[in-house]
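Dear colleague,

Please find below the structure that I am handing over to you. My notes on what was found in it follow, and I would be grateful if you read them with the model open.

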Amino acid sequence: MIMIALTAKGLGVMMGCIFQSPKQASAMAGIILLPLMMFGGLYSNFDQFPAYIGWLQYVSPFKYGFQAVIYNQLNGVVWFATYLDTPITMYPLKMTGITMTSFESIGYLAAICVGFYSLGFIFLRLLSSKISA
C-alpha cells in the first residue's frame with residue numbers, strides 16, 4: 001500500500017510540474033487518470049482489451065497496485081460449489097487473469113514511481129528555464 005501511495009504522489013508531482021497553474025493541473029487530472037483507471041483492470045479483466053489499446057495497461061500504476069492487492073488476498077484460495085449435484089472447484093486468482101506475484105507488481109510500481117518523479121523533475125527544469133528566460 002505504501003508503494004501505491006508513493007506512485008500516486010509521484011503522478012501528482014509530475015502533473016504539478018507539467019502545468020503552470022493548479023487549475024490546469026486539476027482540470028487535466030481526470031483526463032489523465034480516467035484511461036489509467038479504465039485500463040488498469042479495475043473495471044475489466046486484463047485479457048479483454050484489444051491489442052491496439054491494451055498497451056495502456058502496462059503504463060497504469062492502477063494495474064500493478066490492483067494486482068499486488070488481489071494476489072495477496074486470493075493466492076491459494078479455492079472455492080467449492082455445487083451445480084446440479086456436480087461439485088465445482090474454482091480458483092478465483094486464475095479467473096482474474098493476474099499472472100504476477102505481489103513482489104513483481106511492487107517492482108513495477110517502483111519503476112513507474114521513479115519514472116513519474118523523473119518526468120516531474122524534467123518538466124520542472126523546462127518550466128523554470130521558460131520562466132527565467
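**Findings on helix α2**

Helix α2 has a kink of about 30°, centred on M28. Please bear in mind that the model is predicted. Helix α2 covers residues 22-38, which makes 17 residues. From its first C-alpha to its last, α2 reaches 24 Å, close to the 24 Å expected at 1.5 Å a residue.

Which residues of α2 are buried? They are A25, A29 and L36. These buried residues pack against two other helices, namely α1 (2-18) and α4 (61-74).

**The protein as a whole**

The secondary structure consists of 6 helices and 2 strands. Along the sequence, these elements follow the pattern α-α-α-α-β-β-α-α. You may wish to trace this order in the model, with the two strands placed between α4 and the last two helices.

The overall dimensions deserve your attention as well. The radius of gyration of the protein is 19 Å, whereas a compact globule of 133 residues would have one near 14 Å. Taken along the principal axes, the box filled by the C-alpha atoms is roughly 75 × 25 × 25 Å.

Of the 133 residues, 31% count as buried. The protein exposes about 8800 Å², and carbon and sulfur atoms supply 69% of that area. Among the contacts with a separation of 6 or more, 58% are between residues 24 or more positions apart.

**Cysteines and disulfides**

A disulfide is a covalent bond between the sulfur atoms of two cysteines. How many disulfides does a search of the whole structure find? The search finds 0.

Why is C17 not in a disulfide? The closest cysteine sulfur to that of C17 belongs to C113 and is 13 Å away, so the distance is too far for a bond. For a pair to count as a disulfide, the two sulfur atoms must be within 2.5 Å. Seen from the other side, C113 is likewise in no disulfide, and its nearest cysteine sulfur is that of C17, at 13 Å.

Are these two cysteines buried or exposed? C17 counts as buried, with a relative accessibility of 12%. C113 is buried too, and its relative accessible area is 8%. The cut-off behind both statements is that buried means under 20% relative accessible area.

With kind regards

Definitions and conventions: Residues are numbered from 1 along each chain as its sequence is written. This is a predicted model: local features need pLDDT of at least 70, side-chain atom pairs count only at pLDDT 80 or more; totals for chains, interfaces and linings use all residues. Side-chain values use heavy atoms; hydrogens and water are left out. Helices (H or I, at least four residues) and strands (E, at least two) are DSSP runs, numbered from the N terminus. The expected span of a helix is 1.5 Å times one less than its number of residues. The bend at a residue is the angle between axes fitted to the seven residues ending there and the seven starting there. Buried means under 20% relative accessible area, exposed over 50%, partly exposed in between (1.4 Å probe, protein chains only). Contact means heavy atoms within 4.5 Å. The radius of gyration is taken over C-alpha atoms; the globule rule is 2.2 Å times the number of residues to the power 0.38. Accessible areas come from the Shrake-Rupley method with a 1.4 Å probe; for residues, only the protein chains shown count as cover.
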